[in-house]
Amino acid sequence: MPVNGRRDRCGDGPCRWCDRGGRDCRFCGGTGWWRPEKPERDAAGALRWVRVEEPCRMCANTGREHNPLEGSVPA
Ligand SMILES: [Zn+2]
Ligand SMILES: [Zn+2]
């Protein structure tokens, strides 16, 4: 997976969300990546937050809206 790249599709099978296109993933803004902050303990045991970059799990790094919670998958 290329860093900062986007995948064209979320998988090998047909996907209506991928086919539909035109709508950016609301979680990553269409980039396919998100930057959450994660807690990390340093050597002294103090908690701090570090910014990490991960492929967006909500759209499978496609940058396209893939959230079926909104309702049924549009035909
Ligand atoms: Zn898809
Ligand atoms: Zn996303």
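**Two zinc sites and a set of salt bridges**

Arg9 is partly exposed, with a relative accessible area of 32%. The model described here is predicted. In this model, the side chain of Arg9 meets that of Asp19 in a salt bridge, with N and O 3.1 Å apart. Arg9 sits in the segment before H1, whereas Asp19 belongs to helix H1, so the bridge ties together parts 10 residues apart in sequence. Asp19 is exposed, at 52% relative accessible area. The cut-off for exposed is over 50%, so Asp19 qualifies, whereas a residue at 32%, such as Arg9, falls in the partly exposed class.

The protein chain has 1 helix and 4 strands. Along the sequence, these elements follow the pattern α-β-β-β-β. The chain counts 75 residues, of which 28% are buried. Its accessible surface comes to about 5300 Å². Carbon and sulfur atoms account for 50% of that surface. Contacts between residues at least 6 apart in sequence were also examined. Of these, 60% join residues at least 24 apart.

The zinc ion (ligand 1) has a mixed set of cysteine and histidine donors. Cys10, Cys15 and Cys18 each contribute SG, and His66 contributes NE2. The donor distances run from 2.0 to 2.4 Å. Along the sequence, the donor residues are spaced C-x4-C-x2-C-x47-H. The 4 donor atoms give angles of 106 to 114°, and the site is tetrahedral. Coordination here links distant parts of the chain: Cys18 lies in helix H1 (residues 16-20), and His66 lies in the segment after strand E4 (54-55), 48 residues away. Cys18 has a relative accessibility of 6% and therefore counts as buried. His66 is likewise buried, at 13%. These values are under the 20% cut-off, which is why Cys18 and His66 are classed as buried.

The zinc ion (ligand 2) is held by cysteines. Its protein donors are the SG atoms of Cys25, Cys28, Cys56 and Cys59, lying 2.3 Å from the ion. The spacing along the chain reads C-x2-C-x27-C-x2-C. Angles among the 4 donor atoms range from 101 to 115°, which makes this arrangement tetrahedral. For four tetrahedral donors, the ideal angle at a metal is 109.5 degrees. Cys25 is buried, with a relative accessible area of 2%. Cys28 also counts as buried, at 10% relative accessibility.

A search of the whole structure finds 7 salt bridges. Side chains of opposite charge can pair when their charged atoms come close. One of the bridges joins Arg26 to Glu65, with the closest N and O atoms 3.3 Å apart. Arg26 is placed in the loop between H1 and strand E1 (33-34), and Glu65 in the segment after E4, so this pair ties together parts 39 residues apart in sequence. The partners differ in accessibility class. Arg26 is partly exposed, at 44% relative accessible area, whereas Glu65 is buried, at 4%.

Glu65 takes part in further contacts. Its side chain reaches the backbone nitrogen of Arg26 at 3.2 Å. Arg26 is thus approached at its backbone as well as bridged to Glu65. Beyond residues up to four places away in sequence, Glu65 touches Trp17, Arg23, Asp24, Cys25 and Arg26. Cys25, one of these residues, is also a donor to the zinc ion (ligand 2).

A further salt bridge connects two strands. Arg51 pairs with Glu37, and the closest N and O atoms are 3.3 Å apart. Arg51 lies in strand E3 (residues 47-51) and Glu37 in strand E2 (residues 37-41), so the bridge ties together parts 14 residues apart in sequence. Arg51 counts as exposed, at 55% relative accessibility. Glu37 is partly exposed, with a relative accessible area of 41%. In addition, Lys38, Glu54 and Arg57 are linked in a network of salt bridges.

Conventions:
Residues are numbered from 1 along each chain as its sequence is written. Chains are lettered from A and ligands numbered from 1 in the order in which they are written. This is a predicted model: local features need pLDDT of at least 70, side-chain atom pairs count only at pLDDT 80 or more; totals for chains, interfaces and linings use all residues. Side-chain values use heavy atoms; hydrogens and water are left out. Donors are N, O and S atoms within 2.8 Å of the metal (3.2 Å for Na, K and Ca); water is not among the atoms, so sites may look incomplete. Four donors count as tetrahedral if all angles lie between 85 and 135 degrees; four count as square planar and six as octahedral if opposite donors are over 155 degrees apart and all others between 65 and 115; anything else is irregular. Buried means under 20% relative accessible area, exposed over 50%, partly exposed in between (1.4 Å probe, protein chains only). A salt bridge is a side-chain nitrogen of Lys or Arg within 4 Å of a carboxyl oxygen of Asp or Glu. Contact means heavy atoms within 4.5 Å. Accessible areas come from the Shrake-Rupley method with a 1.4 Å probe; for residues, only the protein chains shown count as cover. A polar contact is a pair of N or O atoms within 3.5 Å; within protein, one must be able to donate a hydrogen and the other to accept it, and residues adjacent in sequence count only if both atoms are side-chain atoms.
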